[in-house]
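Biologist: I am new to this structure and would like a close look at a single part of it, the place where the ligand sits. Please take me through the surroundings of the ligand, and then through the other local features worth knowing.

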Amino acid sequence: MVPRMGELHRDEFRAGQYFVGVAGMAMMRRILARPSEGRPRLDEVRRVMAGFDQFPNDILVEVVEHDLESGYESWAPSYDGPNPLIEAEEPVVHPMLEALPTGRALDAACGTGRHAGHLAALGHETIGIDANAAMLRVARDRFPEVDFRDGRLEALPVPDGSMDLVTCALALCHVTDLGPVFAELARVLRPGGVLVVSDPHPTSAHFGGVASVPDRSQVPAEGFRLPFVANRAHPVHDYVNSAVRAGLRIEECVEVEFPEAALVTNPAAAVLPDAVRQAFGGLPFLLVWRCSKPAR
Ligand SMILES: C[S@@+](CC[C@H](N)C(=O)[O-])C[C@H]1O[C@@H](n2cnc3c(N)ncnc32)[C@H](O)[C@@H]1O
């Protein structure tokens, strides 16, 4: 299949492949400690394989990997819809932000301005920066009180030491190298300032977690299309080493498990609910860091 403009890769699979993968993952997680709990999963694999050409196993899923620009361009109008990652993140990140005195705040890779708007409502003089024009358009409409700027995480258009607080939410999974980005986030913080970073957990990216873009416009005849932007699985040591090398002190790290909302909305949940729970339950879903820049 030939990718189109803004697309990196197009391919397809049958839903049954996903069901077998989830059941296999559930079985693998118990293979030594509780092998008998995995036995029903083996029966499910047999059932799916025996009826592979029947509904729902035969549903065709066309996967379309987008580059960052076209992915977020098409996601921007619906980005603020229900999202289990955001629902898991805000109860951790909001208290961190709300504990800080107001001042000058930057939301780096702000997207549609979720944290920028919250920071402004808390009383911060707030700047939001993102590289995607469509996401920024939505942000400007939602939060006219925020100074939104076009810019990249690798070269933030703000002076050295000018920010009391910097947030960077759910975006580092899209950068190739964390080192230069942490250096840039640290550069714009004043000594004594605070950085709060959230990201999808690398474990969830290893198990296929992506930024999936809702697409109801074009449905292939026998199934549906799944456009997505890939998430990189940066190892935890990369976050730690990048922050430390940028001169930041790590004050807190929080790992949030797959929440109920992510389990019930898993595409296999209607067919293999126990397998979904056994496969993903208890795995880390979200990673949050709170760092400070030591006062000189
Ligand atoms: C999943 S959205 C997160 C948006 C917002 N921070 C939030 O948490 O709701 C990821 C955002 O990161 C932006 N982004 C990714 N890489 C970037 C980069 N290198 N420089 C600037 N923005 C970037 C994308 O344009 C997109 O708006």
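Modeller: What follows goes from the ligand to its neighbours, and from there to two loops and a sheet. Please keep in mind that this is a predicted model.

The ligand occupies the space of the second largest pocket. Around the ligand there are 19 residues, and those that come nearest are Tyr79, Ala109, Arg114, Asp130 and Ala169. By kind, the shell around the ligand holds 11 nonpolar residues, four polar ones and four charged ones.

Nitrogen atoms of the ligand take part in several polar contacts, listed here one by one. In the side chain of arginine 152, an N or O atom is 3.0 Å from a nitrogen atom of the ligand. At leucine 153 the backbone is involved: one of its N or O atoms lies 2.9 Å from a ligand nitrogen. Alanine 169, which is among the residues that come nearest to the ligand, has a polar backbone atom 2.9 Å from a nitrogen atom of the ligand. As for cover, the ligand taken alone exposes 600 Å², and the protein buries 97% of that.

Alanine 109, another of the nearest residues, deserves a second look for its backbone. Its phi is near 60°, which is a positive value in a residue other than glycine. Alanine 109 belongs to the loop that runs between β3 (104–108) and α5 (114–122).

A second loop has a backbone feature of another kind. Phenylalanine 55 and proline 56 are joined by a cis peptide bond, with omega about 0°. Proline 56 is placed in the loop between α2 (35–50) and β2.

Strand β2 leads on to the sheet. Strands of a sheet pair through backbone hydrogen bonds, either parallel or antiparallel. Here four strands make up an open sheet, in the order β1-β2-β9-β8, and the pairing is mixed. The edges are taken by β1 (7–14) and β8 (211–212), each of which has a single partner strand, so one side of each is left without a neighbour in the sheet. The partnership of β1 with β2 (residues 60–66) is antiparallel and extends over seven bridges. Within this pair, phenylalanine 13 stands opposite valine 61 of β2.

Technical notes:
Residues are numbered from 1 along each chain as its sequence is written. This is a predicted model: local features need pLDDT of at least 70, side-chain atom pairs count only at pLDDT 80 or more; totals for chains, interfaces and linings use all residues. Side-chain values use heavy atoms; hydrogens and water are left out. Two strands pair if DSSP finds at least two bridges between them. Helices (H or I, at least four residues) and strands (E, at least two) are DSSP runs, numbered from the N terminus. A residue is near a molecule or strand if one of its heavy atoms lies within 4 Å of it. A polar contact is a pair of N or O atoms within 3.5 Å; within protein, one must be able to donate a hydrogen and the other to accept it, and residues adjacent in sequence count only if both atoms are side-chain atoms. Accessible areas come from the Shrake-Rupley method with a 1.4 Å probe; for residues, only the protein chains shown count as cover. On a 1 Å grid over the protein atoms alone, a cavity is a set of points where a 1.4 Å probe fits but cannot get out, and a pocket is an open set with protein on both sides within 12 Å along at least five of seven lines; lining residues have an atom within 4 Å of a point. A molecule sits in a cavity or pocket if more than half of its atoms lie within 2 Å of its grid points. Ala, Val, Leu, Ile, Met, Phe, Trp, Tyr, Cys and Pro count as nonpolar, Asp, Glu, Lys and Arg as charged, and the others, Gly among them, as polar.
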